[in-house]
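The following exercises concern one structure. Please read each task, attempt it, and then compare the worked solution.

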Amino acid sequence: MNQVFSSELWRPIELSIALAFITTALLLFFGTPLAWWLARSNVWWKEAVATLVAMPLVLPPTVLGFYLLIALGPNGPGGSIAGLWGGRTLAFSFPGLVIGSLLYSMPFVVQPIRNAFEAIGDRPLEVAATLRATPWQSFWRVAAPSARSGFLTGAILGFAHTLGEFGVVLMIGGNIPDQTRVLSIAIFDYVETSQWALAHMLAAGMVVFAFIVIFTMMIIEKNVSGARE
Amino acid sequence: MIKRRQSIFLIAGVFLVLGLRNVRADTAHVAVAANFTDTARELAQVFRNNTGHEAVLSFGASGQFYAQIREGAPFEVFLSADDSRPKKLVDDNFGIADEEFTYAVGKLVLWSRKSGLSLNEETLKKGDFSKIAIANPVAAPYGAAAVEVMKALGVYAELLPKIVQGNSIAQTFQFVNTDNAELGFIALSQIPNRKEGSWWIVPAKYYKVIHQDAVLLKSGAKNNAARAFMVFLRSSVARTIIQKSGYATDEIASRNR
C-alpha cells in the first residue's frame, strides 16, 4: 500500500522535474544568444522580437494551449514532425509538453539574462577588444562571468515556472501517466476526484518548494547588489 | 500614482459589473455535466421563454462539480452525468431528497471525425489507431463507461498505452474534433448536428446504464427559479428536447415512480 502510494505520488513529481530540467537547459542554450542579441543589437525591430518573447507573460495559458493543440496536431507542423517517427500528433506527448514549456517559460529565462548583459555596458567589452580579445573570448571571459547572476536568476525562474505550469499542459496533455501527467495536473486530478489526502501532500510540497525558490532568489539578489557596492 | 488611479477604475468597473448582474431577481445557477452542455443550453432557452426565469449554466465534469458543491459552490441545481453523486449529496445533506430524479439516460458512442468508417467491436479489437480519447474515468461517468466497454471486450490492457484522458467529456470531444485522437468515447448528444463523422452507438450490454440524475441543492430550496427548473425538467416539453438530443427518457418514468 505504502509503495503504491509513493510511486503514485512520485511519478508526476519526477516527470515535472524532468520537464523543467530539459526546458531550462534548452532555454539557457537557445535563450543566451537571443538575450545577447537583444542586449547588444541596434536594429530597430529588436523590441518587436523582445515583445514576442515576453508575450506569454500576458497571454492566458489557454491561448497558447489552443494554438498549440492545433499546431501540434495532425494538420499542423507538429503532426509532420511526429510523422518522422511514425506518430500522428505531438499533442499528448512529452516532446509536445517541452515545446509548450519552451514558449511559456521563455520570458522568465531570456529577460534576466538580457538585463544582466545590458548592465555590463559597452566599456568592459571595448577594453577587452583593445586587449585583442576576439568577440568569442570577450563573451566567455568578460560578459558571461559578469552576467552570472542573470543566468542563475533565469535558470531558477525558468525551472520554477515550468514546474508550476498548468493551463497549457491541461489543454495539450491528455493526462497520460509518465508522459504528460505532471505535478500540477496530478494535483488538479486529485482535487477533482475528491482524493484530498494525495492532493494535500503534493500541494504542500509545492508550497514549500515555492518558498525555497523565492527565498533563494532573494538571497542571490541581495548578495549581488551587496557585491556591487 | 498611475497605479492608484487604475485600481480605482478597476474597482469601480467590478462593482458596475456586479450591479448589472443582480438586476434580474429570479435566477438559478445550474451546474451541468459536460455531456449535457448543448441540451442544457436549449432547455434553458425554452425555460426562459416559458417561465421568465433565468437558468445560468456552468459546464464541467460531474466529479469536479461534486467536489465544488461540497465546498459550498454557489449552485442551486446540479445536473450530474451519473446517479451516485446526486444521491450522495442528498445523503450528506447537501441536496433535497424529494427533488432528486433521473432526467436522462446517456448513450455512449465511439466517434471519429472521419466520415464513412464502420466502427464496431472489431475497431477496438484491431486497435488500428494511435490514440483513443476517453473522459477521466474517476471524474466523468462517460469515462468510466468507456473503460467498462474496453474491459468487457477484453482490450483494455492492450489499449491502455493509447488512451488519452480529457478532463471532462467536453475536452474528450475536442481531442477527437481537432483530430489529435482518431477515436473517442463520447456521448451521442455531443456529435455535431448528430451527423458529422462516423460513430458506433455502443450496445448497452457492454456498460452499466448511465442514469443521469438531477438534484435540487439545499441552497436552492427557496429559489423560485431553481424550483421551477426542476418542474420544467420533468415536463413533456423538456423530455422531448432531451430525447431529440440523443438521450433515452422512456425508462425514466418507471424509475422515478
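**Exercise 1. Describe how strands β5 and β8 of chain B pair, and place them in their sheet.**

Step 1. Strand β5 (residues 108–112) of chain B and strand β8 (residues 183–187) of chain B are joined by four bridges in the antiparallel sense. Two strands pair if DSSP finds at least two bridges between them; helices (H or I, at least four residues) and strands (E, at least two) are DSSP runs, numbered from the N terminus. The model is predicted: local features need pLDDT of at least 70, side-chain atom pairs count only at pLDDT 80 or more, and totals for chains, interfaces and linings use all residues. Residues are numbered from 1 along each chain as its sequence is written, while chains are lettered from A and ligands numbered from 1 in the order in which they are written.

Step 2. Within this pair, A187(B) of β8(B) is the residue opposite L108(B).

Step 3. The open sheet has five strands with mixed pairing, in the order β7-β6-β8-β5-β9 (chain B). At its edges stand β7 and β9 (198–201) of chain B, each with a single partner strand, so one side of each has no neighbour in the sheet. On average, neighbouring strands are turned by 30° against each other, direction ignored.

Step 4. Helix α6 (residues 141–152) of chain B packs on the sheet and touches β5, β6 (132–135) and β8 of chain B. Its direction makes about 130° with that of β6(B). Axes are lines fitted to C-alpha atoms, for helices over the stretch in contact, and angles run from 0 to 180 degrees between N-to-C directions. Helix α8 (residues 169–177) of chain B also packs on the sheet, touching β5, β6, β7 and β8 of chain B, and its direction makes about 145° with that of β8(B).

**Exercise 2. Classify the packing of α2(B) with α10(B) and with α9(B).**

Step 1. Two packed helices are described by the angle between their axes and the distance between the axes.

Step 2. For α2(B) and helix α10 (residues 236–244) of chain B, the angle is about 155° and the axes are 10 Å apart. Angles under 35 degrees count as roughly parallel, over 145 as roughly antiparallel, 65 to 115 as roughly perpendicular and the rest as oblique. Therefore α2(B) and α10(B) are roughly antiparallel. T39(B), E42(B), L43(B) and V46(B) of α2(B) meet V237(B), A238(B), I241(B) and I242(B) of α10(B); residues are in contact if their C-beta atoms, placed from the backbone, lie within 7 Å. By class, this contact holds six nonpolar residues, one polar and one charged. Ala, Val, Leu, Ile, Met, Phe, Trp, Tyr, Cys and Pro count as nonpolar, Asp, Glu, Lys and Arg as charged, and the others, Gly among them, as polar.

Step 3. The axes of helix α2 (residues 37–51) of chain B and helix α9 (residues 224–234) of chain B come within 11 Å and cross at roughly 110°. These two helices, α2(B) and α9(B), are therefore roughly perpendicular. Their contact consists of F47(B), N50(B) and T51(B) from α2(B), with A228(B), F229(B) and F232(B) from α9(B). Four of these residues are nonpolar, two are polar and none is charged.

**Exercise 3. Characterise the side of chain B that touches chain A.**

Step 1. The contact takes 19 residues from chain A and 16 residues from chain B.

Step 2. On the side of chain B, α3 (62–70) and β7 (163–166) each supply at least two residues. The largest share, three residues, comes from α3(B).

Step 3. This side of chain B comprises six nonpolar, eight polar and two charged residues.

Note on methods:
Contact = placed C-beta atoms within 7 Å.
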